[in-house]
Amino acid sequence: MGVEIERKFLPSGEAWRRLGEPVLLRQGYLCSDPMRTVRVRIEGAAGVLTIKSKGTGVSRGEWEYPIPLSDAQELLDTLCERPMVEKYRRRIAHAGFTWEVDEFLGENAGLVVAEIELPSEDAPFDKPDWIGKEVTGDKRYYNSSLIHLPFSQWAIS
């Protein structure tokens with residue numbers, strides 16, 4: 001079983017925009033149940049199917065499999081829950097780790113989240129100066145939650 005150990009933060013300022021090359025990601029959920037998610041993603045010319053278990057702390061089970069691009073497109077177009085999650089991702093190397101900064105589009109426009117995957121829950125890491133408040137564990141920031149309550153509706157709810 002694969003394990004994902006991830007922490008989420010809100011960027012502070014705009015310095016992250018000068019780092020990393022933005023790549024468009026389109027993703028949808030075949031299942032967005034809090035106990036398990038099944039996600040289809042297209043990144044560039046690659047399709048990926050990802051299954052994640054409910055997390056405990058900052059860890060959760062994760063299984064990821066490449067799928068043909070045409071299959072990923074068909075699943076996104078016909079079976080995935082709406083709205084789809086679209087975002088630009090920048091991968092930014094810093095102090096031995098890679099930060100992924102996601103700038104969301106569509107109904108989630110205006111939301112930016114930075115994530116770091118760690119080798120263990122207690123692994124030390126250095127935060128870049130453009131990292132702000134930690135939001136790990138706040139379910140609103142889960143991509144699978146953004147299809148049910150998009151960022152554009154947060155002020156209303």
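These are my notebook entries on a pocket, a residue and a strand in this predicted model.

**Ground rules.** I number residues from 1 along each chain as its sequence is written. Local features need pLDDT of at least 70 and side-chain atom pairs 80 or more, totals for chains, interfaces and linings use all residues, and side-chain values use heavy atoms, without hydrogens and water.

**Pocket.** I looked up the largest pocket (on a 1 Å grid over the protein atoms alone, an open set of points where a 1.4 Å probe fits, with protein on both sides within 12 Å along at least five of seven lines). Its volume, the space filled by probe spheres set on the points, is about 790 Å³. I found 43 lining residues, meaning those with an atom within 4 Å of a point. E4, E6, K52, R60 and Y142 lie nearest the centre. Among the elements that each supply at least two lining residues are β1 (2-11), β4 (46-53) and α2 (143-146). Strands here are DSSP E runs of at least two residues, and helices are H or I runs of at least four. The lining divides into 22 charged (Asp, Glu, Lys, Arg), seven nonpolar (Ala, Val, Leu, Ile, Met, Phe, Trp, Tyr, Cys, Pro) and 14 polar residues (the others, Gly among them).

**T50.** I then checked T50, which lies in β4. T50 is buried (under 20% relative accessible area, 1.4 Å probe, protein chains only), at 1%. T50 touches (heavy atoms within 4.5 Å) residues including V38, R39 and W63.

**β8.** Five of the six residues of β8 are buried. β8 runs antiparallel to β7, with five bridges, and V101 stands opposite A114.

Terms used:
Buried means under 20% relative accessible area, exposed over 50%, partly exposed in between (1.4 Å probe, protein chains only). Two strands pair if DSSP finds at least two bridges between them. Lists of a residue's contacts leave out its neighbours within four places in sequence.
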